Amino acid sequence: MADFFLHACWFLPLYGVVGALLTLPWSSGLIRKTGQRPAAYVNILMTVLVLVHGVLASQAIVGREAYRIVVPWLRVADLDLSVAIDVSPVALGGATLVALLCLLAQVFGLGYLEKEASLGRFYGLMGLFQAALVGIALSDSLLLSYGLLELLTLSTYLLVGFWYAQPLVVTAARDAFLTKRVGDIILLMGIVALSSYGSGLTFSELEAWAAASPVSGGVATLLGLSLIAGPVGKCAQFPLHLWLDESMEGPNPASILRNSVVVSAGAYVLIRLEPVFGLSPIAADVLVAIGTVTAIGTSLMTLAQIDIKRALSYSTSAFMGLVFVAVGCGQVDIALLLLFAHAMAKALLFMSIGGIILNTSSQNLTELGGLGARMPVTALAFVVGAAGSTCLLPSGVFLTFRHWIEEARDISPLGVLLVVNLLAALSLTRLFRLVFLGPVQIKTRRAPEVNWLMAVPLVSLTLLTLLMPVAFWHWDLLAFAPLAIAANASPIAAQFGAALLLLSGAIGFGLGLVLPLTRTGARSLQPVLRFCQDLLADGFYIERFYRVTVVWAVAQVSRLSVMFDRYIVDGLVNATGLATLLSGQALRYSSSGQSQTYVLTILVGTGLLVFLAVSWPF
Amino acid sequence: MLSALIFIPLLLAVAVGLVPERVTARGLRVAMLVASSVLFALALAVAWQFDAASGAMQLVERRPWLELLGVSYSLGVDGLSLPLLVLNGFLTLVAIGCTSPTLERPRLYYCMLWLLNAGVVGAFVAQDLILFFLFYELELIPLYFLIAIWGGARRSYAATKFLLYTAISGVAILSAFLGVVWLSGAPDFSYSVGLGSSLAIEPQIVLLATLLFGLAIKIPIVPLHTWLPDAHVEASTPVSVLLAGVLLKLGTYGLLRFGIGLFPEAWLEIAPVLATLAAISALYGAFAAIAQQDMKKMVAYSSIAHMGYILLAAAAGTELGILAAIAQMVAHGLISALLFLLVGIVAKKTGTRDLNVLRGLLNPQRGLPIVGSLIVLGVMASSGLPGLMGFVAEFMVFRGSFSVYPLQTLACIVGTGLTAVYFLLMINRVFFGRLPDRFGNLPPVQWHETISSMAIASLLVVYGLMPSLFLDWSQAQISTLVPRVIAPQEVIVPVAISPNQSDL
């Protein structure tokens, strides 16, 4: 029986598709009598099925050889593409984790979107979302992963644009799609090039191809850079990081997934592509550089946000930056652990603020406060989530960081880790103080604790996050990432790594506690401080920079092409037409009716033609 | 069989003119729907009889006709023309399906539609140069009337522009055909691969350039394109569907059949220029689309961009490239037909296509949510989202041409990226946002209005997931369509030639 589930694991992504299709009668308005809730139930049932199936398959794979299911897809001329599924503990475990988080988010959504009229559409999109995520976890083919990433892009667009009547949502959905699309298009260039250079497009074929290092350094670098671009967009890394922040306008249950598993999906593809980056040292360096810049930059940006969701979303980018650094250093296993450790904690954070947003109808930090006593469960969940995503507890993140520092081959990640950890602790403490402590505000005065449909997933996820260290110990995950202790490992890092991490967390926490926070007049009056605050709140003005460069340039070029079309091309055409008409008009005066004139004209014309024909150089 | 596909529409065109006055437009439309279903079934029957494994021209018919001029009536179908034949049958059915039941002067309209159909089918199956030219010209006249009579406000300008452009295109094609037959001393005008190869390379290039000029107007390639947006904007929805879906394909069909077929050597010489033109077309079309304020014009410019990919693939001239060109023709035919259909519904229900006026149509109660969802799907197919047919075709195009023209291919990939830009602008404006009060009372969309869109949409998904379903028709024949130097000792350009290459 277990074998059956294992061999049928290719069906895991399809549950979501089936669920999405089954919502159509409700979302298209064919069934009105029942309301839209059944569509949600159908999808939740499908997710439960994925979870059960995933767990059974994961159990069956333990102690067995990993294998692949390869299905030829398109075989034309010299092109031979196949779709491959990776049946391995990591893939199945990843799929199960995704299913678990999807289930929690979907149940949470029942409570969060209690009064939503288009519940069917939302759950249909969530079904697609889940299908793509599970698929990426299982995919062993770059082409399939690319397709699923695009499906994610599309469903992100539609989910962010769920409340399409609001103006901010419209631009957010558009920007999310286009930003990711920029990354995806560059990734597509890389895929086309890879395929043209003779590599197959499954990850195993890619690895074999890369091992033979068939292309020159320059080409390899370009290839590597183009392959990086896709994940850069998906993981909201600099310079394609803006969409994640904007897309926080969408419904919260989707934000939970977006910040925990969707960004991880992009990073997972990056991890699978790691062998190709080995071809080019520059590509690997660029990965580290992008990761570092994003990690520190976005960590700083979180400090000045006044939108609670946006503050958290920037910290997602920061964490993904660390994953980029890990992949750039070739530490794939650390990267996987980071994804695992981060996903739970971040999902929990987003879930807890979901309750706050629903019950106070506000996500503006200056309007919140004093919720600790009113929403104790939510507050507790937030604390656990915050601790789980920094090094305050023996959290999964702490264990991974420590492992990384102690066994890393060089010291470079240590500085970044300490800075990111410090800033994360600082920012989360600031958020906690602003939301849960302090005086009660108008909007928080009557806020109740979340309803049970939201409380159940919230509490479950809190427990799961608390159990994270147990999971590390139980499955011996750190041994799963056996980094040979390099001879040149920095002794400082090895000895004091853990202490330094805890210290940085504590400093961040302490700074967060003493940081002066005012709700009224959140924007400082001191010019220097105010400048810094504005700079960070506006994300270093990168968006404005894009607006006056890229967006402006595209608009100008398109305006120019239209002008060219209308005035030059069409102008010429119309001028020719006009000239023909006018010359016809003019010529009619020359028709005098005298046959001699006609004969003369014909003679002269023929003569000219003959002369031209004779004297033609050919 | 192929003759039936040409002559039944011709007979219908005559017959429909004789239908008595008392038959209403509505009744006539039903009859025409039946007739076009039969013709579509016939096209499918041709596909059924077609032996995909054989590399030869099939269902060949050949009768002496104007022997004095060396023109014969000779038809045949192969892997290049068969998909287009079936596409034409399908889209004619769709076009009649989306014709307004209360049309004015329905007899003349359907008469023109059938003449157009006969011309298109004839051009796709003609195996004689002059016969092709005659059908190519035949299709022009009914289309002129279809635009000029049932069009929008500036219809006469658009129709005349179309007529002049296409007439010039016809002259160029005819002179290239005459040139190649007379110069090569061929006994008659029957089509054979490599007909022009006996000439020196210079006259070959001159003749090919003339031919390409004519075809480039039809495709259209920038800067010979301005007739298309005007024609689309003024034409009614069914005419736009046919124009984008089938008629533009005549140009690219000619490119593959006659450009490569008659002048394979010159093709290899001229191909780099074509690839660059293709990239320019793709980018120019995309940029121009971004700035459009009229939904239909935007789709028209996107057509120009997407036709550029076909040229790119053809210019690459690899086996995969040629196959990709065919795939992209079919994909673009379906996708643009879908988009024009849906834009037509939006325009019909709201009375405008202006992006500055339309808002919030996704509203589930009072808007057009189903049309909106279908447009999202069509737009995604057009911008090459994997899982839909557009991706398969575009991936094949890019993969087929990257090894030959990497820079031009990359430029075209940027073009696909821009497709998402302008279409998202359209969706965001038209479907997102708050539904304004003036659109609070839109007439409901009937099921028969969306059924053909749904059919096309499902085809896009099915072919997107299982592309071999339709590619298998053309696979075996590709090697005969690849441009190459005919004499084996003169091989200059390394072109992938498969081992089962038939001897010519």
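**Core and interface of a predicted model**

Guide: In this predicted model, A:Val323 touches A:Ala267, A:Ala335, A:Leu338 and A:Leu339, leaving aside residues up to four places away in sequence.

Visitor: What makes A:Val323 and A:Ala267 count as touching?

Guide: Two residues are in contact if their C-beta atoms lie within 7 Å. A:Val323 touches A:Ala267, so the C-beta atoms of this pair lie within 7 Å.

Visitor: Which residues have the most contacts inside the largest nonpolar core?

Guide: They are A:Leu101, A:Val323, B:Leu311, B:Leu312 and B:Leu323, in a core of 400 residues. Helix 13 of chain B, residues 319–350, gives the most to this core, with 21 residues.

Visitor: Why is this core said to lie between domain 1 and domain 2 of chain A?

Guide: Because both domain 1 (1–140) and domain 2 (141–537) of chain A give residues to the core.

Visitor: How do you know that A:Leu101 is buried?

Guide: A:Leu101 belongs to the nonpolar core, and such a core is a set of buried residues. Therefore 20 or more other C-beta atoms lie within 10 Å of its own. In chain A, buried residues make up 54% of the 618 residues.

Visitor: How many residues of chain A are in contact with chain B?

Guide: 39 residues of chain A are in contact with 41 residues of chain B. Helix 8 of chain A gives the most to the side of chain A that touches chain B, with 13 residues.

Visitor: How do the residues of that side of chain A divide?

Guide: They divide into 23 nonpolar, nine polar and seven charged.

Definitions and conventions. Residues numbered from 1 in each chain as written. Chains lettered and ligands numbered in written order. Predicted model: local features only at pLDDT ≥ 70, side-chain atom pairs only at ≥ 80, totals over all residues. Core = buried A, V, L, I, M, F, W, Y, C linked by C-beta atoms within 7 Å. Buried ≥ 20, exposed ≤ 12 C-beta atoms within 10 Å, placed from the backbone. Helix = DSSP H or I, 4+ residues; strand = E, 2+ residues; numbered from the N terminus. Domains from an automatic or database assignment. Nonpolar A, V, L, I, M, F, W, Y, C, P; charged D, E, K, R; others polar.
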